[in-house]
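Please find below my note on the model, set out as numbered points. It is best read with the coordinates open alongside.

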Amino acid sequence: MMNEKLSLDCDGLLSHRQLACCHSYCGLPLHGKEMQIYSNMDTELKPLLLTGHHGEVTAMTFGRGSRPVLLCSASADYVIVWDIDQCQRRTQEGKIAVGTVIGTLLGEVVHLSFCFSDKRVAACSGAAVYVLSSKRHEVISTLTGHLGPLTSAEFCPWNQDILVTTSEDRTFKVWDLKIEAVCYQSFVLSASPLLSVFFLEENRHLITGSTDGQVWCFSLPADHKCHLVTKMDLHKMEKRHDMHRGTVSHQAGVTEKSAVDKVETSKPVLKMALCCSKADTSSDHKRDSSWLCIGSSDGLYVVDLAASELLTVLYFKDYPNLSITMAGSWSISPAWGNSMVLFVSALFTPRVVLLELHLCDLGQIWACGEGLSVFPSSPPLPESPLNADFKKKEPRHPKKKGGIKEQPLVFHSKVKSSGYTSAPRRIMFTPKTNIQKNPSSKRATKDGGLLLRDYPADSPAPTIPHSHLSSGNKAVCCLQYSGDGKQILCGLGDSSVFLYKSSLSGNPSVYTGHDKPVSSVSWSLSRQWWLSASQDQSLRIWTHGSPEPAIVMGDSMFSKPIRGAQFYYLDKFLLLASGPSLYLYLYNVDITRDNIKRYQQRSVVKLARRFGTTSATDITAVSAISDFFSYIVLVCGADRSIQVFDMNKGTVASELPDAHSRAIHCVTQNKGSMFSTQAPDSYNLFLTSAITDGVKIWDLRTLRCVRRYDNHLNRCHPCSSAISPCGRFIASGSEDNCAYVYDIRSSSYLHKLHKHSDTVLSVAFNPATPELLTGTLDGKLRLFQATSGTRLSHDTSAAVQSAPNMSV
């Protein structure tokens, strides 16, 4: 995966010097004042020798362009730009290679960088950064403002008038070069100095890292007001990665090294680069476009930025053929084709090595898992629990005694005359005139036509407040729209269920009977009945027009509160979770009642199968799709795991330990709606939410986190999340009295919905029209609608960039 192309012994220690590396060349100081440029294509060629500095060379960097290849070098006396091709020609002609002096006496320059057009150079010296012209001796601007020495400076790729600098004062600044002023200054990010900064052009993000292994990703919008997208810790990600790898190795029978043999080292973020090439148009580019390489002291860390997860670590110690064990500085060239070139200096010895990283080998770490899907690939097995059904009672017919008795053909005492004896008709037909038309029939036809209207695929996210009301002072624990989007179920903290119209107009229907807060509500596909489950260890099924439940499941049937309940398998079953068990019930709703035996329930409920989690942990959340036949049931446990049940086989098909840092309190599948159509692979996506750990979106086919969303605040309350029917937006509750709307393809939030009076606990999208309903901790409901302005592109197949075999 990583091989050594060149190893050089130096005359001095270069552990903290900025070395130069591009796709074609690499360069390093020689004897302090001179420089040697090696060809990466053929390391056996004689290196190019560049002389001209009178002081010790402290920083070097190559330009962004491929022709001509420019090199900038700095010492205390000069900053010089060299044309490598021209220098090689002069050397071949027996002349001395010369460069262009663009800066003089700027002090000890520790970092150099070209802009993306190679017209300007940023030089960091002390607490100032100098913006120089790369063509002539000219200082375009001098920027000061940091309280400590600068460590790096980089030009923005999509706006070359923007420069970002990092400093030992533990902050970064965004500079507008037109006005030579700071347009954004970060807060103090860490207790350690910031070392490097990197731009992610695709998502308009900037990433910075510190000496203690902390990595921050910020959005950089047009107004330059940066927002924190995600924060990562290399130490914690490494421990989580080792724990997961140790679990897999233990299951495979592989013994791991003891913790005594492992030595914990600091992980400074020395250099960052993307693991993909812009020129690469293959499917691998779509898969690893969010993979970030982080060069640290003990190796190369490969991080999935979208999911904020560590994919793999290429430790130097795992490659005994390398001439380096600890790194002091990194220079990483952008990926070219299927490889990357890395130029690394040793931390304690005067040595540099040129490494080549093969991206095709790196891509093999993306295992495709067991290929699970929400869509069944075969009919149910004969012994499948899904084949369970009520036993049909054979009708008992009394035995007939004797032969056939003679019976009359007519059973009535009077028989209507055939009409032959009546007088002939004089008027055969009289037309009906002046018939009044019934307007209700026309209106019903018109209203019925609304059911056939498609969900607007290009509609923007619902962000405009439309209406709001109060359902009381109790928390809105759960929300769900009916399948046609015309009614809303609200489970409240005062143990009642409210049934509203989707417009929130009129008085709601109130259903009471539970003794504790309602934990979940669910509509049937026919919308004729719905269920509610509560923390009082009971479940009720309700029907329209009746204040009394048709089915009551309680009376010590469950030992612990019901954490999730819903209809399943096209409403054939009731699926619910209590304690460590998952229950599958057959049911038959009978709303007829005997006036004499009024409280005797005629509906029938029968346990079809009971399943247990693999680790006997309590279930905290459960989800399944009932809109179409699906064998998959997602179960989240108190041990922070996700277990995928295959109900066709009645077993756990796959398990993911430590999916979050806390127990998952909400799992939501991408179910779409009857009004919209998405790409088939999009239905394999599902969301999980955990306190203090944000929202993660997973791909069922690989059971990998493919993106993470944690701009919202979730520290103590179980805030829920939802996916829009078009599959393009994600909504999440938050404890800062706001609801957040994300574009499913980006980790930074799209809209922040204000004007809530308390923590937003519940969110739900209308399946028929672009509307978002939110419920708060103090019992307020607020409805948001989409604007009629700019339309967004419809691309449901672009749900997640890093999911394999998914279009972007």
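The points below take up one strand with its neighbours and then a patch on the surface.

1. The model is a predicted one, and the remarks that follow should be read as descriptions of that prediction.

2. Strand E47, which covers residues 685-690, has six of its six residues buried, so the strand is largely enclosed by the rest of the structure. In a regular strand, side chains point alternately to one face of the sheet and to the other. Here both faces of E47 are covered, with Leu 685, Leu 687 and Ser 689 buried on one side and Phe 686, Thr 688 and Ala 690 buried on the other.

3. E47 pairs on one hand with strand E46 (residues 664-669), in the antiparallel sense and over five bridges, and on the other with strand E48 (residues 694-699), also antiparallel, through six bridges. Thr 688 can serve as a reference position in both pairings, since it stands opposite Val 667 and has Lys 696 as its bridge partner in E48.

4. The connection between E47 and E48 is a hairpin with three residues between the strands, and within that turn Thr 692 has a positive phi of about 65°.

5. Turning to the surface, Leu 525, Leu 570 and Phe 629 together make a nonpolar patch of about 240 Å². Leu 570 lies in the loop that runs between strand E38 (562-568) and strand E39 (573-578). Because its relative accessible area is 33%, Leu 570 counts as partly exposed.

Technical notes: Residues numbered from 1 in each chain as written. Predicted model: local features only at pLDDT ≥ 70, side-chain atom pairs only at ≥ 80, totals over all residues. Heavy atoms only, no water. Patch = residues over 30% accessible without salt bridge, like charges linked within 9 Å, V, L, I, M, F, W, Y side chains within 5 Å. Areas by Shrake-Rupley, 256 points an atom, 1.4 Å probe, with all protein chains shown as cover. Salt bridge = Lys/Arg side-chain N within 4 Å of Asp/Glu carboxyl O. Helix = DSSP H or I, 4+ residues; strand = E, 2+ residues; numbered from the N terminus. Buried < 20%, exposed > 50% of the residue type's maximum accessible area, 1.4 Å probe, protein only. Pairing = 2+ DSSP bridges.
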